[in-house]
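Student: I've got this one open in the viewer and would like a close look at a single part rather than a tour. Pick a sheet, tell me what packs on it, and then place it in the rest of the chain.

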Amino acid sequence: MISALMPTYNRTNLAFKKGKGVWLYTEDGKEFLDFGAGIATSAVGHNHSHLIETIIDQAKHVIHVSNLYRIPQAERLAQRFVEISFADSVFFCNSGAEANEGLIKAIRRAQNRNGHPERTSILCFNHAFHGRTLATLSATGNPKYLDGFGSPVPGFDHVELGNIDLVRQAINEKTAGILLEPIQGESGVNVVPDEFLRELRSLCDEKGIYLGFDEVQSGMGRTGKLFAHEWSGVKPDIISVAKGIAGGVPMGAILAKESIAKHLTAGSHGSTFGGNPLACASGNAVLDIVLEPNFLNNVVEKGHLLFTALQNLVQTYPDVFETVRGRGLILGIKGKLPAAEIQNAALYENLLTVTAGGNVIRIVPPLIVSNEECLEGVRRLAAAAEKLTASLKNSKVKATL
Ligand SMILES: *Cc1c(COP(=O)(O)O)cnc(C)c1O
């Protein structure tokens, strides 16, 4: 018989009762080092006192009122994002996919209102991930995720990442904008070179189309800048944000330049839950923490420490690992074994990781992880690799017998 919960996930047989910082604890008291952070979402770790006190206080006052009224928490959070980013205006929603849906609609609408109703296509890249709704699935373009769900939503083209000439050729009279992740997360932590982002910026300007970044995973301090695109110096026209934005409370956002945002007039887009007092209070609390002096610098430093330690690990266990990549605290180790096998071996050492495409193990700890905890995670990976190496040697011996 089917489980009461729809079987959309292959779940590990573990349930956590509580968390503290980078640690998660099961009912029977087992302790896990969480380098997955709920898929790069628990940005400030578990049970962060400022976040939970804010949530409790807000819940006691009012959780939800709808966007029929002013929401001071949302006004404040939007104002703060405007002050610290390229954006002039912000729309709040509830997830990454919903943020991307809004981003796609906003780009189409701005082209339409600027006298280009024919420009409705978004140019995306191979191996992208933009979400699971019908439109964002089409933007994702992965045939595995589209299987059985009917024809993809029209209006999305895909091109190889990294070659500006191919991008130029792929732009046609219907192209409204370009959408990409500055670091492709789900497909294996592929960092898009800064130079390529700059080339995309000039190409978009030349063609009169918009440049959108999906910062759902790479944003909110994950790379050591508030948004990953800041490393390149490129100013996008619009970005989507979610995952870490409210520290695990479901929330998404679109940040946009006025040139796009002004076309999302009253009644043109909406969301019942989007930007409610509870979510926005949580978002403000997360921002309080991420904007503390040195917080982002520490992410950069811990990223370097972890990157170097992981490189050593790869050298020590060449039968298990191939390379390390990523930026800040979104790192990927490409394995020579299937990612799930490495993930399982790490789990046996009570270390939680997330798999990604291309045999990659994603290392995305809460941003508040300490240096010592970074090294502890690497020690656990080493213990896992030690056992994997031993069992590889064993199976080789067996094969020759
Ligand atoms: C996770 C993710 C999404 C989808 O977010 P949901 O909240 O699951 O809808 C979109 N884009 C990127 C880059 C992501 O990592």
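**The four-stranded sheet and its helix**

Tutor: Let's take the open sheet of 4 strands, ordered β13-β14-β17-β16 and paired antiparallel. Strands here are DSSP runs of E with at least two residues, helices are runs of H or I with at least four, and both are numbered from the N terminus; two strands count as paired if DSSP finds at least two bridges between them. β13 (321-327) and β16 (354-356) are the edges: each has a single partner strand, so one side of each has no neighbour in the sheet. On average, neighbouring strands are turned by 30° against each other, direction ignored. That angle comes from axes fitted to C-alpha atoms, for helices over the stretch in contact, and angles between N-to-C directions run from 0 to 180 degrees.

Before going on, a word on the ground rules. This is a predicted model, so local features need pLDDT of at least 70 and side-chain atom pairs count only at pLDDT 80 or more, while totals for chains, interfaces and linings use all residues. Residues are numbered from 1 along each chain as its sequence is written, and side-chain values use heavy atoms, with hydrogens and water left out.

Now the pairings. β13 and β14 run antiparallel over 6 bridges, and Thr323 has Lys334 in β14 as its bridge partner. The two strands make a hairpin with 2 residues between them, where Gly328 takes a positive phi near 60°. On to the next pair: β14 (residues 330-335) is joined to β17 (residues 360-363) by 4 bridges, also antiparallel. There, Ile333 is partnered with Ile361 in β17.

Lying across β13, β14 and β17 is helix α11 (residues 295-316), which runs at about 170° to β13. Its 22 residues should span 32 Å at 1.5 Å a residue, and the end C-alpha atoms are 31 Å apart, which agrees; the expected span is 1.5 Å times one less than the number of residues. The buried residues of α11 are Phe295, Leu296, Val299, Lys302, Gly303, Leu306, Ala309, Leu310, Leu313 and Val314. Down the helix axis, those buried residues of α11 fall within an arc of 145°, so they line one face. The arc is that of the directions from the helix axis to the C-beta atoms, and buried means under 20% relative accessible area, exposed over 50%, partly exposed in between (1.4 Å probe, protein chains only). An α-helix has 3.6 residues a turn, so residues three or four places apart point the same way. Turned away from the buried side of α11 are the exposed residues Glu301, His304 and Gln315. The cover over the buried residues includes β13, β14 and β17, along with α10 (277-290) and α13 (371-400); contact here means heavy atoms within 4.5 Å.

Where does this sit in the chain? The domain assignment gives domain 1 as 16-34 + 294-400 and domain 2 as 49-290, with bounds from an automatic or database assignment. The centres of domain 1 and domain 2, taken over C-alpha atoms, are 29 Å apart, and 21 residues of domain 1 contact 20 residues of domain 2. Another contact worth clicking on involves Asp194, in helix α8 (residues 194-207). Asp194 is buried, at 18% relative accessible area, and beyond its neighbours within four places in sequence, it contacts Trp231, Ser232 and Arg327.

For a second sheet to set beside ours, there's an open one of 7 strands in the order β4-β12-β11-β10-β7-β5-β6, with mixed pairing. Its edge strands are β4 (89-93) and β6 (156-159), each paired on one side only. Here the average turn between neighbouring strands is 20°, direction ignored. β5 (residues 121-125) and β6 are parallel over 4 bridges, and Ile122 has Phe156 in β6 as its bridge partner. Helix α4 (residues 96-113) packs on this sheet, its direction making about 165° with that of β11.
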